[in-house]
Amino acid sequence: MTFLPVAPWPLLLVLLVAALAAVWWNPTSRTVPGESRATHWRLTAAALLLGLSAVRPAVPGEQVDTTAANLNVYFVVDTTSSIIAEDYADERPRIQGVAADIAAIAEALPGARYSVVTFDQDARVRLPLTTDTTALDAAVETLLPESYEVSRGSSVTQAKDRLKSLLEQAAARAPERGRVVYYLGDGEQTAADPPAPFDMAKGLVNGGAVLGYGTTQGGRMKATRSRFDSSRDYIKDPTTGEDARSVISEDTLRAIAGQLGLPYLHRTSGDSIDPAVAGIDLERFGTSEEIEKQKVLARRELYWPLLIGVAGIAAWEIGAAATALLQTRRRKEPR
């Protein structure tokens with residue numbers, strides 16, 4: 001069993017002694033309704049349980065893999081309407097491929113800190129840097145494309161300023177940490193002006209990849225967020241009246257990859273994630289003597305059952321005090 005106190009041991013010991021003294025040497029204890037030796041023992045048990053929970057006892061659990069603990073990983077995700085085009089695999093939406101690849105990258109880079117930035121007409125940080133993979137999963141599962149009804153066209157480099165700012169801040173605060181970028185999209189430029197380049201300073205991006213989704217044949221897109229089309233039909237091309245189709249632009253994606261200094265990879269269902277993480281220098285940014293020391297056994301915390309016991313005793317005492325007070329008032333009422 002291991003312990004991880006919430007405060008220094010001497011301080012916790014002093015607080016525990018003070019609590020026990022308050023229980024047993026309270027000069028007003030004989031005048032409190034319902035006060036008894038049994039109450040003293042219950043309060044003693046509560047103080048001891050609270051003191052033990054404060055040292056956070058735990059038993060060893062599974063081994064924690066922190067291979068990439070010295071990395072910041074930024075997922076830049078296209079959330080324009082085209083990301084739900086149904087040409088990923090078996091006519092599934094591209095966003096499913098995006099979600100699967102993000103999960104695979106997180107699994108391949110355990111212990112890293114992850115962030116999610118989305119872009120359509122605007123760029124937003126959906127998830128600040130965190131090591132919580134559950135939060136990452138939740139952020140990815142709730143990704144939705146912008147409504148095609150309000151879309152005014154978007155640029156494939158809409159997130160460039162937001163990403164640049166995040167990378168510069170990370171480099172200033174923790175220059176020893178690697179900064180890895182994954183751009184996930186289809187390269188379809190719908191804004192009137194050509195996309196502005198990703199003008200990143202040299203050394204700001206230390207690895208990653210540009211991942212492309214879709215086909216040259218294109219895929220149809222359902223109006224999944226339509227407020228007016230209750231049938232959820234496919235989005236129509238206003239010029240032809242036929243189902244609109246989104247087509248991948250690999251030339252655009254390759255240009256973005258060149259600007260970021262990253263490889264471009266076209267993604268289809270079943271592709272291995274290995275090529276996307278192969279270029280990351282884990283010897284420099286992932287592992288070190290200090291990082292290896294972090295590969296410790298996970299802790300299975302035991303403090304919460306102790307706190308449940310404290311809560312049970314507190315509920316008992318509140319109920320007993322309320323009953324005693326009620327009985328006292330009844331005895332004082334005139335008959």
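## A walk through a predicted structure

Let's start with one residue: Asp120 is buried, since its relative accessible area is 5%, and buried here means under 20%. Asp120 also has a partner, because its side chain forms a salt bridge with Arg124, in a pair whose closest N and O atoms are 3.3 Å apart. Arg124 has a relative accessibility of 31%, so this residue counts as partly exposed. Keep in mind as you read that the model is predicted.

**The overall picture**

The protein has 335 residues, and 41% of them are buried. Its chain forms 10 helices and 11 strands. If you take the contacts with a separation of 6 or more, 81% of them are between residues 24 or more positions apart. The protein exposes about 18,600 Å², with carbon and sulfur atoms supplying 56% of that area.

**Salt bridges**

Side chains of opposite charge can pair when their charged atoms come close. How many salt bridges does a search of the whole structure find? It finds 10. Here are three of them, including the pair you have already met:

| Salt bridge | N to O distance |
|---|---|
| Glu317 and Arg42 | 2.4 Å |
| Asp120 and Arg124 | 3.3 Å |
| Arg254 and Asp251 | 3.7 Å |

Look at Glu317 and Arg42 next. Glu317 lies in helix α10 and Arg42 in helix α2, so this salt bridge ties together parts that are 275 residues apart in sequence. Glu317 counts as buried because its relative accessible area is 16%, while Arg42, with 23%, is partly exposed.

Arg254 and Asp251 tell a more local story: both lie in helix α6, three residues apart, which is about one turn of the helix. Asp251 is exposed, with a relative accessible area of 61%, and Arg254 is partly exposed at 44%. Elsewhere, salt bridges that share partners join Asp87, Arg94 and Asp186 into one network.

**Helix α10 meets helix α2**

Ile313 is also found in helix α10, which covers residues 303–332. Is Ile313 buried or exposed? Its relative accessibility is 16%, so Ile313 counts as buried. Leaving out residues up to four places away in sequence, Ile313 touches Arg42, Ala45, Ala46 and Leu49. The C-alpha atoms of Ile313 and Thr39 are 9.7 Å apart in space, although the two residues are 274 residues apart in sequence.

Helix α2 spans residues 37–54, and Leu52 is part of it. Leu52 is partly exposed because its relative accessibility is 39%. Together with Met1, Phe3, Trp9, Val59 and Leu302, Leu52 forms a nonpolar patch on the surface, with about 570 Å² of accessible area in total.

**Inside the protein**

Now for the interior. The largest nonpolar core has 40 residues, and Phe75 and Tyr182 have the most contacts inside it. Among the elements that give two or more residues to this core are β3 (71–78), β4 (113–119) and β6 (178–185). The element that gives the most is α3, with five residues. Among the residues that Phe75 touches are Ile102, Tyr114, Leu136 and Tyr182. A second, separate core has 25 residues, including Leu166, Leu167, Ile248 and Leu262.

**Rings in pairs**

There are six aromatic pairs in the whole structure. In one of them, the ring centres of Phe119 and Tyr183 are 5.6 Å apart and the planes are at 35 degrees, so the pair is tilted. Phe119 lies in strand β4 and Tyr183 in strand β6, so the pair ties together parts 64 residues apart in sequence. Tyr183 also pairs with Phe198: these ring centres are 6.1 Å apart and the planes are at 85 degrees, so this pair is edge-to-face. Phe198 sits in the loop between β6 and β7, 15 residues from Tyr183. Ring pairs thus link Phe119, Tyr183 and Phe198 into a cluster. Phe119 and Tyr183 are both buried, and Phe198 is buried too.

**Two serines in loops**

Ser155 lies in the loop between α4 and α5. Ser155 is buried, with a relative accessible area of 14%, and among the residues it touches are Phe119, Gln189 and Pro195.

Ser249 is found in the loop between β9 and α6. Setting aside its neighbours within four places in sequence, Ser249 is in contact with Asp186 and Gly187. The C-alpha atoms of Ser249 and Gly187 are separated by 4.9 Å, with the two residues 62 residues apart along the chain.

Conventions: Residues numbered from 1 in each chain as written. Predicted model: local features only at pLDDT ≥ 70, side-chain atom pairs only at ≥ 80, totals over all residues. Heavy atoms only, no water. Patch = residues over 30% accessible without salt bridge, like charges linked within 9 Å, V, L, I, M, F, W, Y side chains within 5 Å. Areas by Shrake-Rupley, 256 points an atom, 1.4 Å probe, with all protein chains shown as cover. Salt bridge = Lys/Arg side-chain N within 4 Å of Asp/Glu carboxyl O. Helix = DSSP H or I, 4+ residues; strand = E, 2+ residues; numbered from the N terminus. Buried < 20%, exposed > 50% of the residue type's maximum accessible area, 1.4 Å probe, protein only. Contact = heavy atoms within 4.5 Å. Core = buried A, V, L, I, M, F, W, Y, C linked by side-chain atoms within 4.5 Å. Phe/Tyr/Trp six-rings, centres within 6.5 Å; stacked < 30°, edge-to-face > 60°.
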